[in-house]
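Please report on the local geometry of this model. Cover the backbone, the helix packing and the ring contacts, and state the cut-offs used.

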Amino acid sequence: MLLNQLVKINETALVANAVTFDLMEDRDKNLRLCQGFVFNYESDPKKINSTTVGVLRALRNSFHSPSEPNVHLMVQDYGKGKSHFALAVANFFQKPYDSEEVRGVLQQIEYVTSANSPILEDLKQYKQRGRNLVICLSGDKSIDLHKHFLKAVKITLEAEGIVSSLGQQICRLPLEYLENLTPEQRQEAEEYLSELGNPEGDIHTIIQLLRDDNYEVISLVKEISRKLTRTGIPLDFETNVDIEAILSNLITNLCTGTKPRFQGILILFDELYNYLQLWASDPVRAGSTALQNITNVCERFKGKIALLSLTQRRPGRVRPLKNDEDYNRLVSRLELLPSTYEPAASLELVLNGLLTQQEKTAAWQEFFSKWRSTLLATNTKIFQSRTANYYQNRNWTDEQFFRNVGVGCYPLHPLTSYLLCNLDFTQGRTAIQFVQEDVKRFIQEQAVENNGSLNLIYPVALVDAFESNFANPEANSEYSSLYSNYNNSATKVKASADADRNEMLVLKALLLFYASRGKLTKSDRERHEEILSLLTGLSAPAVRTALDKLCQIREVIFLNEADNTYSFFSSGFGIDELKRRIKEETGNKPAAISHGLRFANAQVEIHCQSYISNDTTPTQFIESNRLWSEDWRFQNKVFSVAKFKQALSSVQNIQSLDASGIVAYVIGETTEELLALKNEVSQLLEHSPIKRQVVVAMTSQPIEKLAQLLRENLVLEKKSFPEFDKAVSQLKQQYQKQIQDITSDIFKSCSYHCYIEDKIPPRDRNHLSPIVSAVLQELYPYAPPVERSDKMARKSTAGSEIIGYVSKRLLENDLRSIFPNKSYSTVVDIFMNSWRLLKTTSQHYSVVVPTHRNIKAAWDKISEITDLGDKPEQTVEIIKIWQTLSSPPYGHNEYTFTILFAAWLAYHHAEVILKGRFGIPQKKTDTVLIRTEPIKTWASTNVFDRPKVFVNTWIKNGKTFLIRRQPIAYPEVPSSLDWEQTQQFIQDIDNYLVNPPDPAKVSELKSKQN
């Protein structure tokens, strides 16, 4: 079955520019315009008046009943066919039912409704009853509406052969003028008429003609007035013409009675907006109350007269610079809510009117029954996902889109209709021409089905149809440039012996995709072939094959990775020509490993963000020990083979890091170099002083290819290739991608090595984080847990304040559960519940020997370092304690060390004192004395305020000591004392009170002391 059995083309349709009422005088043009106006129509009663069929129906109803609105306003933007519509309306109401003009209008209405449409039938019946007297006004020029109205009425009545109805009103003033001439003036007028040859007779004859309402002699009276006034300016007999009287007379004499000549009067006022702007600036010049007079008559003679004004903008939404109040009053007569229409200037509805589906035929019923679900699915996909919400923003529903586009524009694919209506260069005329030529040919030649699928006109057909529009630089330079890029690619493909049709279709689809300027919706993640498939009618795999060929073999397009789109090369120079030029520049120069290494070091930092990150986090180690991950990371760093070997022999490489260790990524120039290193890496680690803090990630792919690409990219970066235009940036993107891909492959090929490799479970040996975790667990088995609290992180300012506060309160034996804020309580809970270092009694915290394995080990280590043995006193540099606990196997940082050390001091306060600067200077000029004081006394200084300053300034940069002595026994009171024994007893009490091991006995001793 051929498509022409299902669809017919509206071959008389046309879209015309610069249409005015004057074209009604040209019979041939007027007829073509009537036969060619394409109406639009919506069957929904709520939306019908937003269509031109609905406006025409509303005008017809104005003559149906006095209860119907008869002052109408149609609002439509420039170039959307208002004036063409006005001309069609004028002909419809003015011409008889059997005229070609009326038949042409009715035929176009039938195209968009149906042969059995109630609206069409009502319009036909109305026309069969008679005609209307039509008066055509236009505000496109500066006009006095009184004069313009009178002229329009004259033209209308003369065309109808009517004189008497107008003459009485317009002949009165010139008649009074001649009758009131003085004898001298009359004599001079007679002489002037004689000079002219008395064309209408003498003054008496002219007076008689005016009394008989013959207004054709008024022009002669005006010439007489010009002569008599001697100013060269004739009198104006038309300014004060009574418009209301004229219209009332015409309605009474011509439109009423048992057999009226006309069904009513229709006044059409085109370009109303322009007239209102003139009126607002100078009402008198514009005709003063002329428009009000017309609306007055409309109000008095409802059912017999109607006014339709046509405007580009709603008058009520415009605020004039002058006469604002008068303007608003005038507009309120014209812009009435029930009868103000804004017909959608929808090219889709025009297309709908151009393509008539033969829905009443058996052939259509059979076709629609079979393919309805397919059409509906396609419609839904396009409406919801591909048109950038264009129709949703116009308040179209899915069903409307299906009716007007999916089915109404069949056999056009919905995307074809959408682009045809919305590409910037397509207009009504070009769209109609496309349908009447290209679509007509397709319908006449093509079958309904093609290989078992619907045979539709896909969007790529627009490329050939509108080739001149694409290629014309004067019409649109951006389109022209885009078409030039497309044409260059197409020319190269056509020149290939194995070029196929699919490649050309995909190139056309790419042209349309970019010509749509964002009107086609595609997400960045979606593959480009999905939407290109809709534009071509090819399957997605077929498009994929064509794209691969065009990109990888032909090299006439390239892939944008960022949004998964393919693009043309610019200016006709493809990437293949540019590559050849660059290879000529690089020649056979060897690629330098140093350049590759410099890039690799920089590239690791970038690449690792997406692949291995800047650092490696030992997740298992962190979780099992409840640590803060930032404090235990391994830094990723790239080394050449030679520099890696150097790094293994230097402790400084580790000491300079702000990390727990290094993941050393080793790259090599050649495969042989990498293999040689792999064979000796275990031995190198075994003899390295930093082996316990290094994990080796050894690549298995050499960087030879990477270095070559870098060299070519460097040429592209430094040299200028102006003739290649955008191809330069496109090749840069390709180089960047290739460099990125190769770099990624190099690091993905890594094998991992460490000094305890044999202890790593086989399942973890190819995973970096578990390996780093195992190395750290081996190194720091007594790492202090912090319950993964951010307040215990080394960079936490809040944590520093909390540690300082808690440490000083412990030294004073005054830590209570009333804290400055909740964070303090959270941190103290770690020391009490996790470390088990504190206990609480009646809201008072006191130190106990910790029972957590890791904390107990460090506690015992302090005790061991400061152990008296058999000595009465032991002096230990505090830096030794810090160095021991911050090193393996403990791994304390400034925060955990400070709180643990303060707690140990508080617990042993009766047997230890501290020696060092009694405070930390705030300025370089401050002087702080070195003092030896009991533990509690140090709480009054700023030494413990900030853990990092405590460790890095007070401990490391000053001579600080912990002095441990045997605890002083509680002084027993003898039964009797002489004077010397009393003095000694008092001294014993004083010594005991300095660091009393039992605070409960202090009050007892003080009472005895007194």
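The report below takes backbone, helix packing, rings and two serines in turn.

This is a predicted model, in which local features need pLDDT of at least 70 and side-chain atom pairs count only at pLDDT 80 or more, while totals for chains, interfaces and linings use all residues. Residues are numbered from 1 along each chain as its sequence is written, and side-chain values use heavy atoms, with hydrogens and water left out.

**Backbone**

Most residues other than glycine have a negative phi, and most peptide bonds are trans. Some exceptions follow.

The peptide bond from Y410 to P411 is cis, with omega near 15 degrees. P411 sits in the loop between α19 (398-407) and α20 (414-422). Helices are DSSP runs of H or I with at least four residues, strands are runs of E with at least two, and both are numbered from the N terminus. Another cis bond joins P888 and P889, where omega is about 5 degrees. P889 belongs to the loop between α40 (878-886) and α41 (894-907).

Two asparagines have positive phi. For N395 the angle is near 65 degrees. N395 lies in the loop between α18 (390-393) and α19. Its relative accessible area is 61%, so N395 is exposed. Here buried means under 20% relative accessible area, exposed means over 50%, and partly exposed is in between (1.4 Å probe, protein chains only). N451 has a phi of about 55 degrees, again positive in a residue that is not a glycine. N451 is placed in the loop between β8 (449-450) and β9 (453-454). With a relative accessible area of 78%, N451 is exposed too.

**Helix packing**

Helix α14 (residues 290-300) packs against helix α15 (residues 324-334) at an angle of about 35 degrees, with the axes 10 Å apart. Axes are lines fitted to C-alpha atoms, for helices over the stretch in contact, and angles run from 0 to 180 degrees between N-to-C directions. The crossing of α14 and α15 is left-handed. That term applies if the near helix is turned anticlockwise from the far one by less than a right angle; clockwise is right-handed.

Which residues make the contact? From α14 come L291, Q292, T295 and N296; from α15 come L330, R333 and L334. Contact means heavy atoms within 4.5 Å. These residues divide into three nonpolar, three polar and one charged. Ala, Val, Leu, Ile, Met, Phe, Trp, Tyr, Cys and Pro count as nonpolar, Asp, Glu, Lys and Arg as charged, and the others, Gly among them, as polar.

**Rings**

The structure holds 39 aromatic pairs. Rings of Phe, Tyr and Trp (its six-membered ring) pair if their centres lie within 6.5 Å; planes under 30 degrees apart are stacked, over 60 edge-to-face, and the rest tilted. Two of the pairs are tabulated.

| Pair | Centre to centre | Angle between planes | Class |
|---|---|---|---|
| F93 and Y126 | 6.0 Å | 70 degrees | edge-to-face |
| Y486 and F568 | 6.1 Å | 75 degrees | edge-to-face |

The F93 and Y126 pair links distant parts of the chain, 33 residues apart: F93 is in helix α3 (residues 82-94) and Y126 in helix α5 (residues 118-129). F93 is buried at 0% relative accessibility. Y126 is buried at 1%.

The pair of Y486 and F568 also bridges distant parts of the chain, 82 residues apart, with Y486 in helix α24 (residues 477-494) and F568 in strand β11 (residues 565-568). Y486 is buried at 4% relative accessibility. F568 is buried at 6%.

Ring pairs also join W882, F897, F901, F918, W938, F944, F950 and W954 into a cluster. F918 has a charged partner as well: the charged end of R931 sits over its ring, 3.9 Å from the centre. A charge sits over a ring if NZ of Lys or CZ of Arg is within 6 Å of the ring centre and within 35 degrees of the ring normal. K127 lies over the face of F92, at 5.4 Å from the ring centre.

**Two serines**

Is S649 buried or exposed? At 55% relative accessibility, S649 counts as exposed. S649 lies in the loop between α31 (641-648) and α32 (652-655). S649 and L685 are 36 residues apart in sequence, with C-alpha atoms 9.4 Å apart in space.

S533 is found in helix α26 (residues 528-536). S533 is buried, at 14% relative accessibility. Leaving aside neighbours within four places in sequence, S533 is in contact with L538, S539, A540 and V543.
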